[in-house]
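Hi everyone, thanks for making time. I'd like to walk you through one structure today, so have a look at it first.

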Amino acid sequence: MDEEYDVIVLGTGLKECILSGLLSVDCLKVLHMDRNDYYGGESTSLNLNQLWKRFRGDEPPPANLGPSRDYNVDMMPKFMMANGTLVRVLIHTDVTKYLYFKAVDGSYVYNKGKIHKAPATDIEALKSPLMGLFEKRRVGKFFVYVQNYDENDPKTHEGMDLTRVTARELIAKYGLDDNTVDFIGHAVALHRDDRYLNEPALDTVKRMKLYAESVARFQGGSPYIYPLYGLGELPQVEFDEEGKVRGVTSEGETAKCKKVVCDPSYLPNKVRKVGKVARAICIMSHPIPNTNDSHSVQIIIPQKQLGRKSDMYVFCCSYSHNVAPKGKYIAFVSTEAETENPQSELKPGIALLGPVDEIFFDMYDRYEPVNEPSLDNCFISQSYDATTHFESTVMDVLNMYTLITGKVVDLSVDLSAASAAEE
């Protein structure tokens, strides 16, 4: 290990793997290491025996759950937007040559105690039971505006500068009611709270366009795709007398480097706790009720519907994505924790699932870096949030890439390189 590297990447979580790939594509010399004897870090996938050991100790799982090897349970399950940034990044790094996807069946929103499919276009809005007749017409006009909007064509702006007009002001122009704003903002634009209403509307319009384009891409019931198949010695980061990273030592050998990329667990003195995620992991023998028997689905419960400060997310996949034996479904309910009691806090999401065979509760802390990378050459990712999609995660990766290289990733790629499998 007496070689010198441009970058050493510590951890094999999804963020670290994407960054390793991006930097390698740039012809940088990269060494990728992990302290664990398994792959994936916090975003690893577990078979049934591993899942059981993590949450239940040494007792064996019951035989009625099926073979352990047929389970592939992601610990940070997130769907990918079919036309989204992560898919573009994976194509850029050629990962899509050996990663296969399958379209996700449905994307739903919780409203007034019921689950509804989240409409993405004016045509879907007209069919949606979320709204009355007059509201459907208003929201239809709004969706048409969004679909036609072209940042570079002022004729489509209808006299509004969306870099100045707030989302609240844009929505007010179409007279949409609060319930409509709730599902558009949280289930279509995928905002995690209501701060976006007082920010420039351009970001919300772009998010809505991405959602609609992703739905159209595979003509499916949702904008998402999901991949098919879905402790060693701690490497020690070494610093010089000026506090700059100079290498990584593991098992008595030191690999020199100019920069280190890692998750928060490798440099705990350079991060701060910013929150906590509560989640429930469930094994079921049926699809989630009221989702049209979807084998894979996301449900977003906007914060206002539960009187909370943050949204709640429900994620479900099944044997159709090869994550469980035939007839079994894996569901996650997650949210930013607002109490120390995940069982109680997650009840509204768990109530949507129907009967469950097994349920595991978990909480983990979220961290963000507080160091100055220009001074110590350490580039630390943020912890994974509670969302069930990758849009926020991949923005952290792209920001880190720019910090490390001073460049912006060219994401003008051929999206057809990532295709979704047929049934």
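I'll talk about a sheet, a helix that crosses it, and then another helix.

Bear in mind that this is a predicted model. Okay, the sheet. We've got seven strands in an open sheet, and going across you read β8, β7, β14, β15, β16, β13, β17, with mixed pairing. At the edges sit β8, residues 114–117, and β17, residues 358–369; each has a single partner strand, so one side of each has no neighbour in the sheet. On average, neighbouring strands here are turned by 25° against each other, ignoring direction.

Let's look at the β8 edge. Strand β7, residues 106–111, runs antiparallel to β8, and four bridges join the two. If you want a pair to click on, Tyr-110 is opposite Ile-115 in β8.

Over to the other edge strand. Helix α2, residues 48–56, lies across β13 and β17, and its angle to β17 is about 80°.

Now for helix α13, residues 391–405. Does its length add up, or not? Well, 15 residues at 1.5 Å a residue should span 21 Å, and the end C-alpha atoms are 21 Å apart, so the two agree.

Which residues of α13 are buried? They're Glu-391, Thr-393, Val-394, Asp-396, Val-397, Leu-398, Met-400, Tyr-401 and Ile-404. And what do these buried residues pack against? The helices are α1, α3 and α8, and the strands are β5, β12 and β18. Right after α13 comes Gly-406, with a positive phi near 80°.

That's my tour, happy to rotate things if anyone wants another look.

Conventions. Residues are numbered from 1 along each chain as its sequence is written. This is a predicted model: local features need pLDDT of at least 70, side-chain atom pairs count only at pLDDT 80 or more; totals for chains, interfaces and linings use all residues. Side-chain values use heavy atoms; hydrogens and water are left out. The expected span of a helix is 1.5 Å times one less than its number of residues. Buried means under 20% relative accessible area, exposed over 50%, partly exposed in between (1.4 Å probe, protein chains only). Contact means heavy atoms within 4.5 Å. Two strands pair if DSSP finds at least two bridges between them. Axes are lines fitted to C-alpha atoms, for helices over the stretch in contact, and angles run from 0 to 180 degrees between N-to-C directions.
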